[in-house]
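Trainee: I would like a close look at a single part of this protein, please. Pick one that connects to its surroundings, and take me through it slowly.

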Amino acid sequence: MAAIAHTPIVTPASRSVTGTVAAPEAARTCTRCVMDTSDPDITFDAAGVCNHCKSFDQVMKTMVRDPDKRRVELEKWVDRVRAAGKGRDYDCVVGISGGVDSTYVALKVKELGLRPIAVHLDNGWDTEIAVANIERAVRGLRVDLHTVVLDWEEFRDLQVAFLRAGTPDSEVPTDHAILVSVFQTARKLGVPYMAVGHNRVTELILPPAWSQGHYDWVYLQNIQKRYGTRPLTTFPSFDFVSYTRFRRFARSHVWNILEYLDYSRAGAMEELTRQVGWRNYGGKHHESVYTRFFQNYILPRKFGYDKRRAHLANTILAGQTTREAALEELSHPPYASERAAQLDRTYVVTKLEMSDDEFERIMRAPPQRYEDQPNMLNYRPFLAARTAYRAVKRFLPAR
Ligand SMILES: [Zn+2]
């Protein structure tokens, strides 16, 4: 990573009371999308176009964009998933949060005549709307639902540990647990495929400096060891064996179904509302109170990262909004009012059983980086185990 990534981009003086971050002196915004120097690793070409725009163009070249060809590819996937599910209870597993993307995946898989099982991770932060959306979707679509409920005391301790660590990755515990729960359910029930709502057309841009380590159980477990107060005993986390197993599975059994459809978030919301009575809950990933607070309060105020920026940049490149409309949206603070921000702050701090003082100390502490924590890229015991595994891998059965 470039040395520039070490430079803290937010100083307390540059924060305004509303939580927006004043642009530093050298701030620069891409002339095509809206990504800017709040991504410490951003680069620009002579025309002022950023590296994210370049990556987007590259990835689009590798994707099937022609509607007819895409339909053929989609049919191939459906045949493959259906054939693999023959003689089993389910064809594919779908992680469901109550949000747009995951609920839409469940809807589409069902429409394509497949037999999904939905898995929901209850981490204690679901909004009422999210819970109602899940109930309506599984009932309306007649899909079986398996809910994994986290041990709240253990999970609370892990979330606080991530806040104390001071990296911008406080959503890693939830994202990690979702992935592990969905994968483990598939394994336990013998479900051959996993359909996911990740879509590179609208979700490609996310600077690594803003969030990383979602699969990284070494990182997660070390954060808990360093900053937590109890061991993780029930939390769904990978270990060396299950992670290796998942990597093999992911190579050919994870289906990014949205990439084979003409997907737009607005269109998906409209379809979900009409078909299963789904209700909108506001911004992207705001089906969870913690996610809403983390993205709209902690990330911009402590780190200077506004996730809306990455999302809007991607939406511009996908041709679903204009740069002007995106800039207009970004000119408003992420919370509709400071009162709404403070209500969420009180709720989250109280629920996490933190003192106001500790939370404020965390907000004032200098941001830390993933690279400086033990993780899969630098933790010696893990690297040694991986080297040993690679040496014996060729003697192991294929699956
Ligand atoms: Zn750009």
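Mentor: Look at the stretch where β2, helix α4 (residues 128-141) and β3 follow one another: they make a right-handed β-α-β unit. Right-handed here means that, with the strands pointing away from you, the path from the first strand over the helix to the second runs clockwise. The names come from DSSP runs, numbered from the N terminus: H or I over at least four residues for a helix, E over at least two for a strand.

Before going further, keep in mind that this is a predicted model, in which local features need a pLDDT of at least 70 and side-chain atom pairs count only at pLDDT 80 or more, while totals for chains, interfaces and linings use all residues. Residue numbers start from 1 in each chain and follow its sequence as written. The protein averages a pLDDT (the predictor's confidence in each residue, from 0 to 100) of 90, and 92% of the residues score at least 70. Residues 1-23 have a pLDDT below 50, and that stretch makes 38 contacts in the model beyond near neighbours in sequence. A contact here means two C-beta atoms, placed from the backbone, lying within 7 Å.

Let's make strand β2 our part for today. It covers residues 116-122, and because 6 of its 7 residues are buried, the strand is largely enclosed by the rest of the structure. To be buried, a residue needs 20 or more other C-beta atoms within 10 Å of its own; 12 or fewer make it exposed, and anything in between partly exposed, with C-beta atoms placed from the backbone.

Now see who stands beside this strand. One partner is strand β1 (residues 92-95), which pairs with β2 in the parallel sense over 4 bridges; pairing asks for at least two DSSP bridges between the strands. You can find one of these matches at Val94, whose bridge partner in β2 is Ala118. Between the two strands the chain passes through helix α3 (residues 100-111), and this β-α-β crossover is right-handed as well. Helix α3 lies across β1, β2 and β4, and runs at about 155° to β1. For such angles, axes are lines fitted to C-alpha atoms (for helices over the stretch in contact), and values run from 0 to 180 degrees between N-to-C directions.

Another partner is strand β3 (residues 144-149), joined to β2 by 6 bridges, again in the parallel sense. Try tracing two of the matches yourself: Val119 has His146 as its bridge partner in β3, and Leu121 stands opposite Val148 in β3.

Next, zoom in on a single residue, Pro116, which has its place in strand β2. Pro116 counts as buried because 28 other C-beta atoms lie within 10 Å. Leaving out residues up to four places away in sequence, Pro116 touches Tyr90, Asp91, Cys92, Val93, Val94, Ala106, Val109, Lys110, Val143 and Ala195. In contrast to those contacts, you can also compare Pro116 with Tyr215: these two are 99 residues apart along the chain, and 24 Å separates their C-alpha atoms.

Let's return to the path from α4 to β3. Arg142 sits in the loop between α4 and β3. With 8 C-beta neighbours inside 10 Å, Arg142 counts as exposed. The phi of Arg142 is near 55°, a positive value in a residue other than glycine.

Finally, step back to the whole sheet. It is an open sheet of 5 strands in the order β3-β2-β1-β4-β5, with parallel pairing. β3 and β5 (254-256) are at the edges with a single partner strand each, so one side of each has no neighbour in the sheet. On average, neighbouring strands of this sheet are turned by 30° against each other, direction ignored. At the β5 end, strand β4 (residues 193-196) and β5 pair in the parallel sense over 3 bridges. There, Val196 stands opposite Asn256 in β5.

So, when you look at β2 again, find β1 and β3 on either side of it in the strand order, then follow the chain from β1 through α3 into β2.
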